[in-house]
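Reader: Could you walk me through one part of this model in detail? I'd like a close look at a single surface, then how the rest of the chain fits around that picture.

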There are 2 protein chains.
Amino acid sequence: MVNTEVKPISVIIIEDFKLTRVGLRCALNANDDIDVVAEAEDAVEGLKYIERYKPDVILMDLGLPGMNGIEAMVKCKEMNFDSKIIALTSHDRSEEVISALSSGASAYCMKDIDPNKLADVVRDVSKGVCWLDPVVAQMTLNALPKIENIGILPGKSNLDGRVPLTEREFEVLKHLVSGKSNTEIAKELIVSVHTAKAHVCSILQKMCVNDRVQAAVKAVKEGIV
Amino acid sequence: MVNTEVKPISVIIIEDFKLTRVGLRCALNANDDIDVVAEAEDAVEGLKYIERYKPDVILMDLGLPGMNGIEAMVKCKEMNFDSKIIALTSHDRSEEVISALSSGASAYCMKDIDPNKLADVVRDVSKGVCWLDPVVAQMTLNALPKIENIGILPGKSNLDGRVPLTEREFEVLKHLVSGKSNTEIAKELIVSVHTAKAHVCSILQKMCVNDRVQAAVKAVKEGIV
DNA sequence: GAATAAATTGCCCTAATGGCTAATAGATTA
DNA sequence: TAATCTATTAGCCATTAGGGCAATTTATTC
């Protein structure tokens, strides 16, 4: 899978260790379809280059001195170029992974990645693919909201014995999750408080929970709102 | 990146359209390091083959008749083999993507993928990589819990003006999210109800919300619990 | 037409919640 | 040492929540 376009993929490397930086550059420049246009050893310098070159792909070390990689990514996204970011790191803390991905990274690589593989990742990412290193993939997928409750969505097939919510109840649930009181929900739906309460009660029963907090948390965790 | 191991990657294809099935098999079998060991046209048949062959990788169509791909994946995971699953589909509904990934898929491919690329994905996935098609990557990343609130976690740097929770408050927050009442929280922490209430009140203020439901939802959405 | 389900409203009751002020003891910090 | 922060306790009070029971209207299905 080699990029046969006339235009090579432009890459900027942001990494504080010179040795790693050189290694990355060599590994990538060995490919005709990839062109490392700049290197930076800290985030501030890196952001300058990004603004100047608007690269296709940014290789960003997360453990930078001063402004760290996550902050740099946020700033980078604010600049609104469509550069894709590959987060590079040497550790696999769950919090950092999620932070990186939700801050705009398209890939998460450990630094011990095979250099040839890295070129593949650069190509993938430049096309918009999301690529996650094996050791972090599972923890990331685990952080996704669980959708076990297809059966509770209105109009959906009822897999297990769970009673599905009606359309109206689902509507109430959404307001409930947004933190509205029964009174507010009633106003929103232009019904009496009694009605709102009745709906909430049946929601609690159908969702097998004791109070609205549990209902809200369950709804959010399972991504049904 | 060709697998040079002696043992090729074993693959099972589960796909109802015969034409697509043949296409997949040809595309993959063209690679020496990949071996399509079985094909099935529905989930039940597929699960039998999976049990028999315990393949490295399963190519699973999501739009199967009868038991759909998601259900099949759940059953497959219950069998506890470490087969990796590639979800294949022709559409990109957000709900389906998240469902698939949280049900155990390691990759999500559109059916119009380049056959050569698919072989790469099979290799990646067999090593544990998570690979997401460009069109679905962004929506998946958006579904990740936002960690904007480093400032609210106890002991973390306070980026913006937000007051961080104390350790104790954080402890209370976790109980709150699990749906416990003030009384229950008090019992859990072996303090009076007044104390629990006091903590909840300061949590509400620090999180800038009006009630415990909003606090719980915010906590879950931002992944700080 | 009859049966069923959903949406609506009402009332009763007890318990829980959240806002408010205020006090005390311990730990940490300036 | 003084100041600050935290955890703890307390009481008061208006509002809210949730359970239970019952009734009406509307829509849909058999």
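**The surface near DNA strand D**

Author: Let's start with who brings the most to the table: α9(B) supplies five residues, the largest share of the surface near DNA strand D. Keep in mind as we go that this is a predicted model. Helix α9 spans 193-206 in chain A and also in chain B, and each of the two copies gives at least two residues to that surface.

In total, 17 residues surround DNA strand D. The closest are K197(A) from one chain, plus T166(B), R168(B), S192(B) and T195(B) from the other. As for which part of the strand they meet, sugar and phosphate make up 73% of the atoms of DNA strand D that come within 4 Å of the protein. In terms of chemistry, the residues of this surface split into eight polar, five charged and four nonpolar.

Now for some individual atom pairs. K197(A) goes for a base: one of its polar side-chain atoms lies 2.7 Å from a base oxygen of DNA strand D. Two other pairs involve phosphate and the protein backbone. In chain B, a backbone N or O atom of S192(B) sits 2.7 Å from a phosphate oxygen of the strand. In chain A, a polar backbone atom of R212(A) is 2.9 Å from a phosphate oxygen of DNA strand D.

Staying in chain B, have a look at N182(B), which belongs to helix α8 (residues 182-189). Its relative accessible area is 19%, and because the cut-off for buried is under 20%, N182(B) counts as buried. Beyond its neighbours within four places in sequence, N182(B) is in contact with V193(B), A196(B), K197(B), V200(B) and R212(B).

Moving on to the core, the largest nonpolar one has 58 residues, and Y108(A) and Y108(B) touch the most other members. Take the chain A copy: leaving out residues up to four places away in sequence, Y108(A) touches L62(A), A87(A), T89(A), H91(A), E96(A), V97(A), A100(A), W131(A), L132(A), D133(A) and V136(A).

Finally, here's chain A as a whole. Its secondary structure comes to ten helices and six strands. Of its 225 residues, 52% count as buried. If you take the contacts in chain A between residues at least 6 apart in sequence, 60% join residues at least 24 apart. The chain exposes about 10300 Å², with carbon and sulfur atoms supplying 52% of that area.

Definitions and conventions
Residues are numbered from 1 along each chain as its sequence is written. Chains are lettered from A and ligands numbered from 1 in the order in which they are written. This is a predicted model: local features need pLDDT of at least 70, side-chain atom pairs count only at pLDDT 80 or more; totals for chains, interfaces and linings use all residues. Side-chain values use heavy atoms; hydrogens and water are left out. A nonpolar core is a set of buried Ala, Val, Leu, Ile, Met, Phe, Trp, Tyr and Cys residues joined through side-chain atoms within 4.5 Å. Buried means under 20% relative accessible area, exposed over 50%, partly exposed in between (1.4 Å probe, protein chains only). Contact means heavy atoms within 4.5 Å. A residue is near a molecule or strand if one of its heavy atoms lies within 4 Å of it. A polar contact is a pair of N or O atoms within 3.5 Å; within protein, one must be able to donate a hydrogen and the other to accept it, and residues adjacent in sequence count only if both atoms are side-chain atoms. Helices (H or I, at least four residues) and strands (E, at least two) are DSSP runs, numbered from the N terminus. Ala, Val, Leu, Ile, Met, Phe, Trp, Tyr, Cys and Pro count as nonpolar, Asp, Glu, Lys and Arg as charged, and the others, Gly among them, as polar. Accessible areas come from the Shrake-Rupley method with a 1.4 Å probe; for residues, only the protein chains shown count as cover.
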